Each structure stands twice: as structure tokens, then as C-alpha cells.
Amino acid sequence: MAARREHFGSRLGFILAAAGSAVGLGNIWKFPYTTGANGGAAFLVLYLALTFSIGLSIMLAEFAVGRAAERNPVGAFAKLKGGAWPVVGYLGVAAGFIILSFYGVVAGWTIAYIVKTITGELSSSDPEHLGNIFGGFISNPLEPVVYQAIFMALTVGVVLGGVHGGIERWCKVLMPLLFILLLVLIVRSLTLPGAAAGLSFYLEPDLSEITAETFNAALAQAFFSLSLGMGAMITYASYLSHKENLPGSAIWVTSLDATVAILAGLLIMPAVFAFGYDPGAGPGLTFITLPAVFAHMPLGEMFAVLFFLLLTVAALTSSVSLLQVVVAYFVDERGVERHRAAIIFGVIIFAIGVPSSLSLGVWSEFTIGGKAFLDLMDYVSSNLMLPIGGFFISIFVGWVVYPKILAEATNQGEKPFPLAPLWAFICRFVAPVAIAWILISGL
């Protein structure tokens, strides 16, 4: 089976696909408002430090596990060690189901807002009016579900094409498009009168503002924005040629992910400050505050369409990797044909996501543990499943199979890796403690 396994056609294709998995709504939707709520530049400094230490280390660990085994997360742990370790892989597959179910709901909103912008529904500069539009939309029992279905159909369509013909081919188009859209919007944002105040907030750190809460938020953002702990990077690396340099690829993917987050802040902070809005406005920053900002701009409607197109592209590159984790498991371990697996499980994940959409409207009074269904799915995956997955991946690599994984990371000794001792130290000690901190804080 390993001999017949698909492979990425090039190192560039793998890097763009893995970066696409990491780059998503977490970078462009969540990162700016989290930065705004946690001190601006001080948060940015901390985020970058944690991304290129703990995040990069776990990224490389997942790459090495995936390529060494050439299997999905369940099969990888079973092949490399067995015992109870495949349970960690099952956790990743389950996380793919749960995360994509509510992720598809929010991603559907981005498509809806492209349409609403074009039709002029969002032309107001009054945040209260825009808030009413957003509230009315997400509480509608049908409209958000339709857009969720459209987004899931796009995701299934890419995965149907396979690793080389679908995922790699589309990521080579979507990732450059994402950067082009970002750069166009940043130029417009930086040329707004009053943008300098936003740049100062975003790029001039006051390290005295760093608190334990800031550290926790930065660590969580660094960890989750890289798509770690869910098996996505294990899955993608399982299709990578054994000739490629894993540490170099991990650095490239981490750098691209962090760059998109930084650029998203450069886009949003100057624009928000230029018109006197709150940079820490929470999730509503994207769907309420930013439409008001665009309404103030000359050609604002065009830039708003480009922005929500940017969000859709970022969401799609991530959702493809989430579905691929699920599909790879059923193809590798259960012998299900790829097309059948992609369609069947795409439909099932869509169905699981419908209650998340309805929980913001007609089912809003139905809560579990005080949380709406969408919030519960987000909480269970982000605060429990991913930290637990990341914790055990770092333990697995650092303590259980380190010699085998180090050999994989160095291409059986052919590629120099002078930072291997530091990588081992982070996987064995730093990452487990830091991830346990996320887990405990989340609880």
C-alpha cells in the first residue's frame, strides 16, 4: 500500500498545502481581534516567540511522524509504536470531524458577506445597524445553512481531486491569491488618514503590558493557528517524498503562517484606528466593525469584496486539510475509495454542522453546560482535543520514538540538523508543560 501511496509533486506544493492548512480564519479573523484585546505589539512579540519555538518544534515532530509512517494519524502511531498510541490518532480524526463541522458554518458566513457586499446590504457605516444585520443573518434558520453547504461543496470538490491533482494544484493557486489580496488591502489600509495610530499600537511593543493572560492567549494562538494536534500535518507529511528536508519545510510553513497573521494585523489595525473603532471588538470585528470601516473608504465596496474573498480562500485551504485527515483515515485503514470517502464524510460533517448554525438562532435556548452547540464544539476541540493531541505528540516524539524520528528528520543522517538537541529538549520538556498550561487554563 505504501508503494501505491500518492505523493506531492514538488516540495513547493507540499509547503503551500501545509501552509494553507495552517493559514485560516484563525490568522485573519481571530488573530487581529485577539491582538487588539491583548495589548497590540506586546502580544505580537510574544506570539512570534512562541510560534518559532514551541509551534515550530511540534510542527517538525508531526512532519517526521507522518513521513516516517506514510500513514494517516491512526496508522502512523500504530506503525511506529502501536499499543495505546493509535488513540492519539483517533483523537485527531475526531477533531477533524468536529472542527470542520462548525468551521464550515463560519466559513459560509464569509461567502454570504461577499454576496451581501455586492448587493449593497452592508453599505452602512453604523456599527449598530451592521450588528443587527449580522445578528439577523446568523439567526436565520436557512440562509447560513445554504452558505455552509456551498462552502462544504467547495471543500469536497478540492479533496476529490486527490493529493497531487486536487489539494496541491489548488493550493498553488489559492495561496498566492491569498497573499495578493492581503497586499492590495494592506496598501489601501496604510494610506488611510489616521492609520499611523494603528501602526503604533501594532508595532511598538510595551512589554510591561505582558501578563500571564497575555502569555496564555499568545501560546494558544500560536498553537492553534498552525493546525497542530489534529493530525493535519501528520497526514500531509505522509505524502511527502523522503528526499525533502523536513526542518527546512517546517520553517517555511511556520514562517508563511506567521507572515499571514502579521499581514492581517497590518491590514486591520490601521483601518480600525483610522476610523476610531475598538481593535479588541472580538469576533464582531470582522463582520460588524470592518464593514463599517469599508463603508467610510472610497471604493470601499470593492475592498470589502476583496477582504471577504480573502477570508473565504483562507478558510478553504484549512478546511481541505481537515477533511483530508478524515478521508486519509478511511482510505488507509478501512479501504474506502477516495471519492466515496470525500463525498460521504463531507455530507456527514455538513450535517453535524447544521446544529451549530441553528444554535445561533432557532435553537439558541438549547444549551449544554451553558454553551450554545457551536460554542460547545469550539470549546471541546480547541480547549480539550487539540491540546491533548499536541501534548501526546510531543511526548511521543520526545520520549517514545525519538531515535527513529530524529533519523527521519535528518533523512537518515544525510541532512545536518544542528538544532536537534534543542528540538529534543522542547519536545520533551517545554512543549508538554506549555500545552498542559493551555489545557488547564482552558478548563
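Let's start at Phe63. Setting aside neighbours within four places in sequence, Phe63 is in contact with Phe14, Ala18, Met233, Ala237, Leu246, Ser249, Ala250 and Val253. Please keep in mind that we are looking at a predicted model.

Now, where does Phe63 belong in the wider picture? Phe63 is part of the largest nonpolar core, which has 162 residues. Within that core, the members that touch the most other members are Phe14, Tyr47, Phe63, Phe307, Leu310, Ile405 and Trp423. So Phe14 turns up twice for us: as a contact of Phe63, and beside Phe63 in that list of core residues. And which helix gives the core its largest share? That is helix H14, residues 300–334, with 19 residues.

Let's step back to the whole chain. How many helices and strands do we have? The count is 18 helices and 0 strands. Buried residues account for 59% of the 443 residues. If you take contacts between residues at least 6 apart in sequence, 83% of them join residues at least 24 apart.

What about overall dimensions? Along the principal axes, the C-alpha atoms fill a box of roughly 60 × 50 × 45 Å. The radius of gyration is 21 Å, and because a compact globule with 443 residues would be near 22 Å, the two agree.

Turning to the outside, the accessible surface comes to about 16100 Å², and carbon and sulfur atoms hold 68% of that. For charges, the protein has 20 positive and 24 negative side chains. How far apart do the centres of those two sets lie? They are 16 Å apart.

I'd like to finish with a pair of residues for you to find on the screen, Asn411 and Gln412. Asn411 sits in the loop between helix H17, residues 402–409, and helix H18, residues 420–442. Gln412 lies in the loop between H17 and H18 as well. Asn411 is a residue other than glycine with a positive phi, near 50°. Gln412, also not a glycine, has a positive phi of about 60°.

Are they buried or exposed? Let's take them one by one. Asn411 has a relative accessible area of 6%, and since the cut-off for buried is under 20%, Asn411 counts as buried. For Gln412 the relative accessible area is 57%, so Gln412 is exposed, the cut-off there being over 50%. That gives us a buried Asn411 followed by an exposed Gln412, each with a positive phi.

Thanks, everyone, and I'm happy to turn the model around for anybody who wants another look.

Methods
Residues are numbered from 1 along each chain as its sequence is written. This is a predicted model: local features need pLDDT of at least 70, side-chain atom pairs count only at pLDDT 80 or more; totals for chains, interfaces and linings use all residues. Side-chain values use heavy atoms; hydrogens and water are left out. Helices (H or I, at least four residues) and strands (E, at least two) are DSSP runs, numbered from the N terminus. The radius of gyration is taken over C-alpha atoms; the globule rule is 2.2 Å times the number of residues to the power 0.38. Buried means under 20% relative accessible area, exposed over 50%, partly exposed in between (1.4 Å probe, protein chains only). Contact means heavy atoms within 4.5 Å. Accessible areas come from the Shrake-Rupley method with a 1.4 Å probe; for residues, only the protein chains shown count as cover. Lys and Arg count as positive and Asp and Glu as negative; His and the chain ends are not counted. The place of a charge is taken as NZ of Lys, CZ of Arg, CG of Asp or CD of Glu. A nonpolar core is a set of buried Ala, Val, Leu, Ile, Met, Phe, Trp, Tyr and Cys residues joined through side-chain atoms within 4.5 Å.
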